[in-house]
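Work through the following exercises with the structure open beside you, and try each task before reading its solution.

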Amino acid sequence: MQRQTSSTATKDPSEARPRAATVREVQVPEAITVARLAELVHATPIDLMKQLMRAGVMASINQAIDFNTAAAIIPAYGYRAVPASAAKAAAVADVEKDDPSKLIERPPVVTVLGHVDHGKTTLLDAIRKTKVAEREAGGITQHIGAYQTEYKGHKITFLDTPGHEAFTAMRARGANATDIAILVVAADDGVMPQTVEAINHVKAAKVPIVVALNKIDKPEADPEKVKRQLTEHGLVVEEWGGDVITVPVSAKSRIGIEDLLENILVVAEVAELKANPNRAARGVVVEARLDKSRGPVATVLIKNGTLNVGDFIVVGNVRGRIKALVNDAGRRMKSAPPSTPVEILGLNELPQAGDTLEAVASEREARVLVEERLQKQTGGRTRASLEDVVNRIRTGQSKELNVIIKADVQGSIEALREALSKLGTDKAQARTVHVASGAITESDIFLAVASEALVLGFNTSIEPGARRLADSEGVEVRFYNVIYTMVEEIRGMLEGMVKPVAKDVVEGHATVRAVIARGKQSKVAGCIVSDGRVLRNAMVRVLRKGQVLHDGPIQGLRRFQEDVREVATGVECGVVLANFDDFQEGDVLEVHHQE
């Protein structure tokens with residue numbers, strides 16, 4: 001007996017592991033970390049890493065392996081791998097139709113938009129009978145808020161956003177949070193640039209619009225003028241034969257507030273807004289912040305189902321369990337039905353605004369779902385490329401080419417708009433989603449994502465943040481300085497012809513610190529490279545306050561007295577351009593080339 005015991009003791013521990021009498025199935029996602037797989041098969045990560053090494057795979061404890069690799073090694077532990085269906089089940093649940101008999105009427109969700117200082121928050125203040133506006137710094141909204149009010153026994157949920165950018169950013173992330181948009185326009189001020197942007201963003205969302213003509217009690221108020229301006233931007237009011245409801249109000253004097261609420265309920269009734277409260281909750285994050293005492297806190301709007309304290313949830317790539325629900329009045333709740341805005345506590349990390357919340361059955365299901373999402377996001381979200389859009393036009397799947405145009409001056413805008421209006425074939429038309437002057441901003445990129453549009457810049461630049469966002473979201477941005485070239489390219493797209501396209505690649509930026517005279521003939525721009533690099537054989541756009549003054553080749557690039565080929569970030573240099581020397585301190589040189 002002693003000799004047998006001794007013999008057993010010398011065997012490989014992995015061989016001594018008891019084998020399961022029956023093979024059990026375990027759900028494995030497309031990619032899974034070694035640590036998580038070890039949990040699923042009840043093994044230690046070290047033991048699993050040894051099995052991987054035997055199979056010729058070197059992986060650390062937190063490294064992800066694919067499904068096939070996992071399936072090859074876990075039979076040693078008595079398990080058989082099957083593809084995890086948690087993500088697919090969640091996707092099916094997202095689009096599955098509820099039984100009509102289980103649907104009940106839900107409160108409308110209303111977003112308030114408009115030009116800064118036209119009285120958005122003051123209007124909500126009048127509706128809620130609170131003093132929100134006075135608490136905001138300088139009377140300007142500093143964060144997204146979600147509030148619920150009641151009128152004639154009907155609840156209405158309001159989203160008070162800092163602007164149309166947030167509204168469209170949520171849509172760009174797939175969160176259709178709004179049922180009705182209230183466009184606040186000051187009757188004494190009329191339609192302003194931000195009002196036009198808000199109109200275009202709401203049109204892209206295909207959401208019903210109710211116009212609140214605010215400050216109607218001011219002597220200089222001219223509601224008829226505002227209605228004419230709205231017509232110019234495609235919003236025809238009801239009394240002029242259109243379908244846009246306009247309500248004259250005064251937020252400060254509380255004039256017309258009940259009439260506005262009445263019209264919101266009428267639009268909501270026509271829309272037949274319904275939800276099933278007796279299912280797992282789904283919602284959208286309106287805002288998220290890190291609270292020093294409570295940890296990650298997210299304001300969530302419940303779209304369908306009911307969220308309860310104790311529910312396991314997945315929000316984007318973040319998971320958790322509901323510890324507490326707090327309503328807009330600061331009171332704790334046990335559950336939140338559809339169209340309810342509520343603060344949630346219990347997430348392990350901070351989610352993003354626009355992320356989708358979904359309640360799941362268990363912590364394990366939440367973990368698997370998050371793992372799958374993280375692994376699928378290695379390449380980021382991809383948008384339809386220009387070639388995809390042109391192919392859809394060619395095959396008849398699409399009838400429109402959406403474009404957003406930013407130009408240097410108003411005169412250019414009118415010329416471009418007129419030129420584009422004459423384009424179009426029997427297959428497709430060019431639809432202008434938004435046109436404005438100035439540099440291309442993050443707001444333009446978000447709108448492009450939401451409406452699958454192409455962004456065109458004419459004699460203008462793009463803000464650094466907008467360029468990064470365009471790259472990450474896969475939005476195509478093109479620049480032109482000749483109207484004819486832009487029109488010809490768009491005509492080609494509409495006819496379904498894809499030609500080789502020169503892509504503009506920005507190498508870096510340099511700021512002019514000094515202007516140095518070089519004899520009587522020309523001047524040198526004394527610069528410091530703020531980002532990227534400056535290349536001697538590149539082209540340079542001279543930007544002054546966002547306007548393009550010149551675009552041409554570099555004639556000379558120097559460091560002290562020496563000619564150089566390249567200057568890196570943080571390094572000073574002297575730049576000479578061909579046919580331009582009207583530099584000023586503060587000008588930005590954008591270095592680029594065509595591919």
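Two residues are in contact here when heavy atoms of theirs lie within 4.5 Å. The model is a predicted one, and each exercise should be read with that in mind.

**Exercise 1.** Find which residues Ile182 is in contact with, leaving aside its neighbours within four places in sequence, and place Ile182 in its surroundings.

*Solution.* Begin with the contacts themselves: beyond four places in sequence, Ile182 touches Val110, Thr111, Val112, Leu113, Leu123, Val210, Ala212, Leu260 and Ile264. Next, look at the nonpolar core of 27 residues, the largest one, where Ile182 is among the residues with the most contacts, together with Leu123, Phe158, Val210, Leu260, Leu261 and Ile264. Then ask which elements build this core: strands S6, S7, S8, S9, S10 and S11 and helices H7 and H12 each supply at least two residues, and H12 (257-271) gives the largest share, 7 residues. Finally, note that a second, separate core of 21 residues includes Ala510, Leu535, Val564 and Phe580. As a general background, nonpolar side chains in soluble globular proteins tend to be buried together.

**Exercise 2.** Work out in what order the 4 strands of the open sheet follow one another, and describe which helices lie across S22, S23, S24 and S25.

*Solution.* The order is S23-S22-S24-S25, with parallel pairing. The strands at the edges, S23 (429-437) and S25 (477-480), each pair on one side only, and from one strand to the next the twist averages 25°. To look at one pairing in detail, take S22 (residues 400-407), which is joined to S23 by 8 bridges; Glu400 has Gln429 in S23 as its bridge partner. Two helices can then be added to the picture: H16 (residues 442-451) lies across S22, S23, S24 and S25 and runs at about 175° to S22, while H18 (residues 483-494) lies across these strands too and runs at about 165° to S24.

**Exercise 3.** Decide whether the partners in the salt bridges Asp179 with Arg106, Glu343 with Arg289 and Arg533 with Glu566 are buried or partly exposed.

*Solution.* The cut-off needed is that a residue counts as buried under 20% relative accessible area and as exposed over 50%, with partly exposed in between.

- Asp179 and Arg106 meet at 2.9 Å, N to O, and link parts of the chain 73 residues apart. Asp179 is buried because its relative accessibility is 12%, and Arg106 is buried because its value is 12%.
- Glu343 and Arg289 have their closest N and O atoms 2.9 Å apart, and they join strand S20 to strand S13, 54 residues apart. At 17%, Glu343 is buried, whereas Arg289, at 31%, is partly exposed.
- Arg533 and Glu566 meet at 3.3 Å. Arg533 lies in S27 and Glu566 in S31, so this pair ties together parts 33 residues apart in sequence. Arg533 is partly exposed at 32%, and Glu566 is partly exposed at 42%.

Beyond these pairs, Arg36, Glu39, Arg319, Glu363 and Arg367 are joined into one network by salt bridges that share partners, and the count for the protein comes to 24 salt bridges.

**Exercise 4.** Determine where in the protein confidence is lowest and where it is highest.

*Solution.* Start from the whole: the mean pLDDT is 79, and 81% of the residues reach 70 or more. Confidence is lowest in helix H1 (residues 2-9), with a mean of 41, and highest in strand S15 (residues 307-308), at 96. Residues 86-96 have pLDDT below 50, and this stretch has 11 contacts beyond near neighbours in sequence; residues 378-382 also stay under 50, with 4 contacts beyond four places in sequence. Where pLDDT is low, the predicted coordinates should not be read in detail.

Note on methods. Residues numbered from 1 in each chain as written. Predicted model: local features only at pLDDT ≥ 70, side-chain atom pairs only at ≥ 80, totals over all residues. Heavy atoms only, no water. Core = buried A, V, L, I, M, F, W, Y, C linked by side-chain atoms within 4.5 Å. Buried < 20%, exposed > 50% of the residue type's maximum accessible area, 1.4 Å probe, protein only. pLDDT = per-residue confidence, 0-100. Pairing = 2+ DSSP bridges. Axes fitted to C-alpha atoms, helices over the stretch in contact; angles between N-to-C directions. Salt bridge = Lys/Arg side-chain N within 4 Å of Asp/Glu carboxyl O.
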